[in-house]
Amino acid sequence: MNYLSVENISKSFGELELFSNISFGINKDQKIAFIAKNGTGKSTLLNIIAGLESSDTGKVISRKGLKIEYLSQEDNLNDELTVEETIFDSDNETLKIIEEYEHALNNPEDEKAYQKAFEKMERFNAWDFETQYKQILFKLKLEDLSQKVKSLSGGQRKRLALAIILIHKPDLLILDEPTNHLDLEMIEWLESYFEKEKITLFMVTHDRYFLERVCNEIVELDNGEFYTYKGNYSNYLQKKEERLEIEQAIVDKAKNLFKKELEWMRRQPKARTTKSKSRIDDFYVIKEVASQRRNDHVVQLEIDMERMGSKILELHNISKTFGDLKILDKFEYNFLRGERIGIIGKNGTGKSSFLNIITGQIPIDSGKVIIGDTIKFGYYTQDGIVIKPGQKVIEVIKEFGEYIPLTKGRKISAAQLLERFLFNRKRQYDFVEKLSGGERKRLYLCTVLIQNPNFLILDEPTNDLDIVTLNVLENFLLDFPGCLLVVSHDRYFMDKIVDHLFIFRGDGNVEDFPGNYTDFRVYEDSKPKDEEPVLIEKATDTRQKSEPKAKLSYKEKMEFDAIEGDIEKLTKEKAAIEAKFLDGSLDGDEINKLSIQLQELSNKIDAKEERWLELSTKLED
């Protein structure tokens, strides 16, 4: 079933043409990722599909009555509402029924209003919906429903906007970098949610594992041409490579033919027959093909690194707390030459603070940080580049010098360096404020690397970078001979560049894990999981204390009698799956499947226990 059709749309801003005559369709249950370089109009295309911008040509046709939700880079949340008010501020009928029921719970003296709200919950089967939306809030760490939106951090606002569109269950979800501001646990939950839910997606993301596990089609805008690839990210890489090989073979063949035809053109007599005119026309077609050049601008990062001495960085019994929040507790580590360490952990466990402690931007409570005399940090923070009004791209680089030293005594100009970072000569004289978010990050990354650091510290370097730039950065980091310390939620990136991990567990607990992210995930999934609460306690406690006592109906009595047996059966199934994790021969796919089954069973058990508690409370009268 076709949900939406894009027909011959184009978009330009002045002389800059983002894309031209793009056409494709989105069908029910498709999960499509859109890949393109930064600055080529990914977000603009999403805005056009969502109806927030108009195209210069063509049109977007959607199915009548189609419900579309759009997660953009910038939210439009009302700062004056609370988290709970924001969630209920919609046209969703089921949410309004739940809101009415929650209001009745908070006003137990009005038994008539409660009974009416309770009957509505029953009639529209809103119990399951309530359980699902509270689970979404729990997984996205939005437990405090009374918090004002204006007091939320940028990451919390993004998660709230994501929660709202998931709760609304639209026909089509349009997502612009949905994994930004999510920690690894949240990303894996979202991945699992999209895998099992029958939901139609069109999204932009740089998270390649997310692409691999969620998407069943990838569309790419490359050098002005639009390509479609069925399958996941691995299939896309394979098919794209095949396409490039075919294109190169066509160009090579055209070059050879061009040489022959050029010789004929030079020998041809002035009098032209009809046949020769036709051949001349063909010559110019061949010439055009033979002159094609792929404008990939593969970046070659050859920055000259300063020599490292024997002492690198030593951390001796360092401790740090912020109020009641403990970040580090007598942490010890001595860095060795060439170490490559990744840092992972939930949001709020102190990952960025740890980097700021190392670089001296945050003082420690106790302990010692000793930095070797030869160490020169290059620190890429989440704050990004500071934009000065009227400053041009090339002027940002020239603040660090007209020329940048490279290896073997060579040097390049600031302009040449920018070209290597995918900024052509024309783009170099654009104002920085005109750059896309990803282009600004790329420029900032350039300013960090050209300072010749021998110890690179990167805090979420993959946010807002396109996949082309990510590949460039990864290739540089694989060749980088110095020390590397990186915080990232990009699992593919971490797997490729780090040797071991610091796991920030919270409450000052930091573990050193010998391996990359996939090694860690397999290890974690092999351990029996503790059950997690799915619902937010506020609603549960209120219901226990506030609900008026009422006798069970016949239907409720039958349900109550069956629930205990259901819980026992589900618990046995859960124990059987947990036992399978002890089998050391399980591969990664089997472990992932078992993990999903285990989570689904835990959710079912929690929902059954919630309902049992509700019915048993009514029996106590």
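# Exercises on buried polar residues and salt bridges

Glutamate 217 is found in strand E8, which spans residues 217–222. The model used in these exercises is predicted.

## Exercise 1

Decide whether glutamate 217 is buried or exposed, and find its side-chain partner.

**Solution**

1. Take the relative accessibility of glutamate 217, which is 5%.
2. Apply the cut-off: buried means under 20% relative accessible area.
3. Glutamate 217 therefore counts as buried.
4. Look for a side-chain partner. A polar contact of 2.7 Å joins glutamate 217 to the side chain of glutamine 30.

## Exercise 2

Place glutamine 391 and isoleucine 385 in the chain, then describe the surroundings of each.

**Solution**

1. Glutamine 391 sits in the loop between strand E14 (377–380) and helix H12 (393–398).
2. Isoleucine 385 is also in the loop between E14 and H12.
3. Check accessibility. Glutamine 391 has 8% and counts as buried. Isoleucine 385 has 18% and counts as buried.
4. Find the contact of glutamine 391. Its side chain makes a polar contact of 2.8 Å with the side chain of glutamate 399.
5. Turn to isoleucine 385. Its C-alpha atom is separated by 7.9 Å from that of leucine 443, although the two residues are 58 apart along the chain.

## Exercise 3

Which parts of the chain does the salt bridge between lysine 150 and glutamate 80 link?

**Solution**

1. Start with the bridge. The side chains of lysine 150 and glutamate 80 meet at 3.4 Å, N to O.
2. Locate both ends. Lysine 150 is in the loop between helix H5 (126–139) and helix H6 (154–168), and glutamate 80 is in the loop between strand E5 (68–71) and helix H2 (83–88).
3. The pair links distant parts of the chain, 70 residues apart.
4. Add exposure. Glutamate 80, at 46% relative accessibility, counts as partly exposed.

## Exercise 4

Trace the salt bridge between glutamate 188 and arginine 521, and classify both residues by accessibility.

**Solution**

1. The closest N and O atoms of glutamate 188 and arginine 521 are 3.0 Å apart.
2. Glutamate 188 lies in helix H7 (residues 184–196) and arginine 521 in helix H18 (residues 517–525). This pair links parts of the chain that are 333 residues apart.
3. Glutamate 188 has a relative accessible area of 19%, so it is buried.
4. Arginine 521 is at 22%, so it counts as partly exposed.

## Exercise 5

Why does the salt bridge between lysine 320 and aspartate 365 tie together separate parts of the sequence?

**Solution**

1. The side chains of lysine 320 and aspartate 365 meet in a salt bridge of 3.5 Å, N to O.
2. Lysine 320 lies in strand E10 (residues 313–322), whereas aspartate 365 is in the loop between helix H11 (351–358) and strand E13 (366–371), so the bridge ties together parts 45 residues apart in sequence.
3. Compare accessibility. Lysine 320 is buried at 8%. Aspartate 365 is partly exposed at 45%.
4. Now look beyond single pairs. Glu191, Asp207, Arg213 and Arg491 are joined into one network by salt bridges that share partners.
5. Finish with the total. The count comes to 30 salt bridges.

## Exercise 6

Which residues form a negative surface patch, and where does glutamate 99 lie?

**Solution**

1. The patch is formed by Glu85, Asp89, Asp91 and Glu99.
2. Glutamate 99 lies in helix H3, residues 93–105.
3. Test its accessibility. A patch residue needs over 30% relative accessible area. Glutamate 99 has 34% and is partly exposed.

Terms used
Residues are numbered from 1 along each chain as its sequence is written. This is a predicted model: local features need pLDDT of at least 70, side-chain atom pairs count only at pLDDT 80 or more; totals for chains, interfaces and linings use all residues. Side-chain values use heavy atoms; hydrogens and water are left out. Patches are made of residues with over 30% relative accessible area and no salt bridge: like charges are joined within 9 Å, nonpolar side chains (Val, Leu, Ile, Met, Phe, Trp, Tyr) within 5 Å. Accessible areas come from the Shrake-Rupley method with a 1.4 Å probe; for residues, only the protein chains shown count as cover. A salt bridge is a side-chain nitrogen of Lys or Arg within 4 Å of a carboxyl oxygen of Asp or Glu. Lys and Arg count as positive and Asp and Glu as negative; His and the chain ends are not counted. The place of a charge is taken as NZ of Lys, CZ of Arg, CG of Asp or CD of Glu. Helices (H or I, at least four residues) and strands (E, at least two) are DSSP runs, numbered from the N terminus. Buried means under 20% relative accessible area, exposed over 50%, partly exposed in between (1.4 Å probe, protein chains only). A polar contact is a pair of N or O atoms within 3.5 Å; within protein, one must be able to donate a hydrogen and the other to accept it, and residues adjacent in sequence count only if both atoms are side-chain atoms.
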